[in-house]
Amino acid sequence: MRPALVLSLALGLAAAGCGSGAHSQPRTHAAMRPKPASFRLALSAPTHTPRVGPKWWYVIRATATGGRPLSGRLTVEVVDPLGTAHPAQVGTSTRPLANYPFNGRYRDFAQWPAASRGYRLVFRVTVAAAGGRRSVRYWVRPR
């Protein structure tokens, strides 16, 4: 019974291409890496330690290589210490700030809840524009 199991496993691996010369052509890391986006992304905020409750304003800017404002889609998320991403909201609405259209500059605020006090969070901004995608991470520890 065991030789039949080993034989079927070996045939299954051979059929899947494991060990059969599938790696005969060397792969370079540059060929696997996506093409970098051809624009700049910047996030500016007043502090890494905002107060719980009041508005914490931030500005996101996306510019082409020449410095001109760039249209794109914006996603803003707060990543908790466990690595779970939570989408931010547009202003005081309940609309998630995910795949949100903007043109070059976006200004908004976040209000940190009391439960976030003392935890190190990551404020992550992702912009998709000009055939590419860029991301900026900004650590925050509400006080």
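**Chat about a predicted model**

Modeller: The protein chain has a mean pLDDT of 84 (the predictor's confidence in each residue, from 0 to 100), and 74% of its residues reach 70 or more. This is a predicted model, where local features need pLDDT of at least 70, side-chain atom pairs count only at pLDDT 80 or more, and totals for chains, interfaces and linings use all residues. Residues are numbered from 1 along each chain as its sequence is written, and side-chain values use heavy atoms, with hydrogens and water left out.

Biologist: Where is confidence lowest in the protein chain?

Modeller: In helix H1 (residues 2–16), at a mean of 46, while strand S2 (residues 55–64) is highest at 97. Helices (H or I, at least four residues) and strands (E, at least two) are DSSP runs, numbered from the N terminus.

Biologist: OK, new topic. Which residues touch the most other members of the largest nonpolar core?

Modeller: Tyr-58, Ile-60, Val-76, Tyr-106, Phe-123 and Val-127, out of 27 residues. A nonpolar core is a set of buried Ala, Val, Leu, Ile, Met, Phe, Trp, Tyr and Cys residues joined through side-chain atoms within 4.5 Å; buried means under 20% relative accessible area, exposed over 50%, partly exposed in between (1.4 Å probe, protein chains only).

Biologist: Which strand gives the most to this core?

Modeller: S7, with 5 residues.

Biologist: And what is Tyr-106 in contact with, leaving aside neighbours within four places in sequence?

Modeller: Among them are Tyr-58, Ile-60, Leu-74 and Leu-97. Contact means heavy atoms within 4.5 Å.

Biologist: Is Ser-116 buried or exposed?

Modeller: Buried, with a relative accessible area of 8%. Ser-116 sits in the loop between S6 and S7, and beyond four places in sequence it contacts Leu-121 and Pro-142.
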